[in-house]
Amino acid sequence: MKIGYLGPKATFTEAAAAALFPSSPRAPYDTIPDCIDAAAAGEIEAAVVPLENALEGSVNLTLDYLIHEQPLPIIGEVVVPIEQHLLVHPYYAPHWREVKEVYSHPHAMAQCRKFLHTVLKEAKHVHVTSTSAAARWVSEHPYLPAAAIANRLAADEYGLVIAQENIHDYDSNHTRFIVVSRRNEPLSLRSPLYAGDKTTIVVMLPKDQPGALHQVLSAFAWRRLNLTKIESRPAKTGLGNYFFIIDIDAPKDDVLIPGAMAEIEALGCTVQLLGSYPYYFVG
């Protein structure tokens with residue numbers, strides 16, 4: 001089973017893919033659309049892409065591409081802790097406080113604001129496409145006073161030294177990654193990482209009218225279906241038009257969830273099932 005992921009190598013996305021598919025061959029892709037398209041074309045059997053970060057919020061590109069461009073079903077999800085480290089070339093390990101530039105993805109920079117502001121206040125921040133790309137750049141320029149913010153996997157991949165561990169501001173930072181595939185079958189991994197099942201749907205309201213969203217939510221409330229997330233995104237059909245992405249903390253059964261979806265459709269809404277799948281948690 002070949003797995004694609006948002007690359008390059010040693011990103012947090014590869015760490016998520018490795019956690020779920022440790023023995024499967026993995027292929028990196030440059031962008032989220034490239035990765036999803038590869039799964040749709042059958043180049044890979046499944047794609048692992050980021051969906052949401054606890055600090056920075058949803059990855060809108062993933063959501064919009066799945067809904068508007070390439071509607072592959074979600075077959076699994078894994079939540080991975082985000083631990084950011086300051087990496088330097090071994091040559092600079094004793095002098096890491098003297099670095100003049102710090103390379104990383106903008107989100108990683110944002111997650112380490114306090115450390116950068118207090119410890120490396122004079123260093124220039126240089127944004128690159130991924131934390132792994134930052135580590136690779138530092139490894140390729142061993143004698144420049146530069147550091148990267150990236151994970152342990154990147155340090156190992158590019159032969160760098162962890163000058164300071166866990167420089168992120170919040171220990172509770174996690175990222176949700178989803179697994180999408182054109183084979184509409186939920187993952188059946190027997191894994192100690194298994195944490196439960198959920199169902200994700202998309203709801204488009206018929207028009208802007210008072211109480212419309214309340215009626216939609218009532219369909220879940222009286223059935224005692226717990227919603228773990230509800231988020232609005234522009235429908236791309238004009239200002240003020242939105243659809244809602246809803247996560248239900250339960251697998252799709254034969255009665256409750258189909259009944260809720262039918263009730264919502266009876267209100268004049270459009271309902272799309274994005275997937276009913278297991279989710280996993282990396283401790």
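## A sheet and a helix in a predicted model

Strand β6 (residues 85-88) and strand β9 (residues 146-150) run antiparallel and are joined by 3 bridges. Across this pair, Leu 87 stands opposite Ala 148 in β9. Strands here are DSSP runs of E with at least two residues, helices are runs of H or I with at least four residues, and both are numbered from the N terminus. Two strands count as paired if DSSP finds at least two bridges between them.

This is a predicted model, in which local features need pLDDT of at least 70 and side-chain atom pairs count only at pLDDT 80 or more. Residues are numbered from 1 along each chain as its sequence is written.

Now for the wider sheet. It is open, with 5 strands in the order β8-β7-β9-β6-β10 and mixed pairing. Because β8 (124-127) and β10 (161-164) each have a single partner strand, one side of each is left without a neighbour in the sheet.

Helix α6 (residues 131-140) lies across β6, β7 (101-104) and β9, and runs at about 155° to β9. Such angles run from 0 to 180 degrees between N-to-C directions, with axes fitted to C-alpha atoms.

Next comes helix α8 (residues 212-221). Buried means under 20% relative accessible area and exposed over 50%, with partly exposed in between (1.4 Å probe, protein chains only).

| State in α8 | Residues |
|---|---|
| Buried | Ala 212, Val 216, Ala 219, Phe 220 |
| Exposed | His 214, Ala 221 |

The buried residues cover an arc of only 100° around the axis, which puts them on the same side of α8. His 214 and Ala 221 are on the other side.

Note on methods:
Heavy atoms only, no water. Contact = heavy atoms within 4.5 Å. Arc of directions from axis to C-beta.
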